[in-house]
Every structure is written in C-alpha cells, then in structure tokens.
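The following exercises examine empty space and local geometry in one protein model. Please work through each task before reading its solution.

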Amino acid sequence: MNVINAQWLESFVVLCETGHFTRAATRLGMTQPGVSQHLKKLEQQIGEPLISRDGKGFSPTPAGESVLAFGRERRAAERNLRETLLRDDPAAGEVAIACSGSFAMQVYPHILAVMQESPDLAVRLEAAPQDSVLAGVVDGRFDLGIADHDPHHLRLDARHLGQEELCLVVPRGAMALPASFATLDQLGFVAHPDGMAYADELFAMNFPEEFRGSERLHVRTYVNQISQIPSPVASGIGYTILPRSGVDSYPGRDRLDIASLPHRLDHDLWMISRRGRLLPARVQRLAALLQSVSGDNDTVPAR
C-alpha cells in the first residue's frame, strides 16, 4: 500500500467525527460529493470498505476504526510538531558541540552554569580532533563546532571568534628559557591527539634548522585525556604543546612554564555550523555563549 493520502485521511476523520456528510463538507470547506469522493479514494487505497451504511447514517467498519485511530494519531503528531516549532524554547532540548580538548576545558564551566539555570536543557560537549569536528558538523552529529581555521567548506557556515596562542609548555624551572630544540628533544615530547600537528606548525617556525618533522620527535609518553596532558609536564616528565586555554585551566598551572620562542603562533577560533540550517533558539543561545567565552574582539564577519 502506498503512503496514505493526508487530505483523504483528514476528510475521513472529520466525517467520522461529525457523523454526517453535509456537516463534514461544511467543516472541511468542501462539497458533499467531494467528501464522498475522498472516502471512495481512501477505501480504494486501503483496499477495504471503511464505513457501513445504515439508512441515512453510517458507522465505521473494523478497518475504518483502525484508519480513524491512525488519522487521529497523525493529527495529534502534527499538532505537537507545530507547537514544538512555535515554542522553540531556548531553555529546553539538546545541543551537541565539538571542539578541541583545551577549548572544552575552558568553556565547560560556563555550559554547566547555563544548564543549572535551565533543567530541561541538555548539552553534549565532545572533545575531538579537528578533522572529527568538521566531519561531525557536516553530517549533523554536532550542532556547533569550534575549528582552528576557516574550513571554506560548501556545506558549512563559519564565524570568526578570535585567536588563541599555541604554547610550548615545559616543567617549571626545569630548563633555561628560551628553550633550545636540543634540550627539548632530550626532555621528550608529551604527545596527544593534536600534538603532532601543533609541533609541525610551531617548531617549523622556531627551529627550522633542527626540526625534521613531528614523526622524528622523541616521544616520552602519549595522553588522550586533555585534562591530563599537562600532568607529566608538571611532574617534570617531558614538554608538550597546547593552546593557552588548556594550560591556564590546568589546576597545577603553577608547576608549568610557557617557553618563550622567537616566533609566536596564534590559532584562529572559528565557530562552524551547517550551511542553510535555521538554528533553534537553544543552539543560538549556546552559540552566543561560545562567542562570549572566546573573548571575541574581532570584526571579521560571518561568511
């Protein structure tokens, strides 16, 4: 059976509710023959008679009772959908956000504050590598993403939020600053999901003679949990590279130094969403929060 025609189904529901073809026609803004025609077409589509006539009256057949129940459920579902769309409550529903681990550490306390104010709001924050952030927003798994560059993607909108310094993080007092590449290599790298990409950027700028690519770094340990990445460094085991938010939000910040380098590297922060999607009020609320937390003082417009 093909998809039930919505207009024929509504005519049948109204017919059963009014119990009379003329009254049904008046309520539907149709003629009586038009209502009869809708009933006939619906019966042909279902393959069974839907009413049993008794003189001038009628009653639904067993098949008609089932179709009537379905029509009422469908009407209620459509009404609920309309009410939900009209309500579009900024304090209710689910929002999914993806970003780097360091930015997640910075923004999560602010998200918790919003959730405390709005018990019906659920926010899923996922720390993910940049490729996963972009792919997740494109395929709809995330409502919003924070990227470190403008993806220039045909299916994404991007808004510039600001910039964040990429920091070379070393144990407090463990070496003379500024750090040399040889000293760092002896200490060993605390690697993490974005670490190799960070090293390729930062070290190529600052140690062009000594650095031969991240794949040749002396890796001392690997940490996947963003909140734990600075821990080996704070314990004197290795160095790492993180955005400043990941350094400043670490509880043991007083046991870390940010090494001075000849050339500073700032990463852009871009908020991304699916192009052409009208963001629900709850997503717009979180988007405003992300922009506020990022400390946007830029005038770069959305594109």
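**Exercise 1.** By class, how many nonpolar, polar and charged residues does the lining of the largest pocket have?

*Solution.* The model is predicted, so to speak of local features a pLDDT of at least 70 is needed, side-chain atom pairs count only at pLDDT 80 or more, and totals for chains, interfaces and linings use all residues. Residues are numbered from 1 along each chain as its sequence is written, and side-chain values use heavy atoms, with hydrogens and water left out.

Step 1. On a 1 Å grid over the protein atoms alone, a pocket is an open set of points with protein on both sides within 12 Å along at least five of seven lines, and lining residues have an atom within 4 Å of a point.

Step 2. The largest pocket holds about 330 Å³ of space, and 20 residues line this pocket, with Gly101, Ala127, Ala128, Asn224 and Ile226 nearest its centre. Two or more lining residues come from each of helix H5 (101-117), strand E4 (121-127) and strand E9 (240-243). H5 gives the most, with five residues.

Step 3. Sorted by class, the lining has 13 nonpolar, six polar and one charged residues.

**Exercise 2.** Determine which strand supplies the largest share of the lining of the largest cavity.

*Solution.* Step 1. A cavity is a set of grid points where a 1.4 Å probe fits but cannot get out. The structure holds one cavity of 30 Å³ or more, and the volume of the largest cavity is about 90 Å³.

Step 2. Among the residues lining the largest cavity are Asp148, Glu164, Tyr198 and His267. Strand E5 (144-147) and strand E11 (265-274) each supply at least two lining residues.

Step 3. The largest share, three residues, comes from E11. The whole lining divides into five nonpolar, four polar and three charged residues.

**Exercise 3.** Describe helix H1 (residues 6-18) and its two ends.

*Solution.* Step 1. H1 has 13 residues and reaches 18 Å from its first C-alpha to its last, close to the 18 Å expected at 1.5 Å a residue; the expected span is 1.5 Å times one less than the number of residues.

Step 2. Its buried residues (under 20% relative accessible area, 1.4 Å probe, protein chains only) include Trp8, Phe12 and Cys16.

Step 3. At the start of H1, a side-chain oxygen of Asn5 comes to within 3.0 Å of the backbone nitrogen of Gln7. Just after H1, Gly19 has a positive phi of about 70°.

Notes
Points joined across faces, edges and corners; volume = space filled by probe spheres on them. Helix = DSSP H or I, 4+ residues; strand = E, 2+ residues; numbered from the N terminus. Nonpolar A, V, L, I, M, F, W, Y, C, P; charged D, E, K, R; others polar. Buried < 20%, exposed > 50% of the residue type's maximum accessible area, 1.4 Å probe, protein only. Polar contact = N/O pair within 3.5 Å; in protein donor to acceptor, adjacent residues only side chain to side chain.
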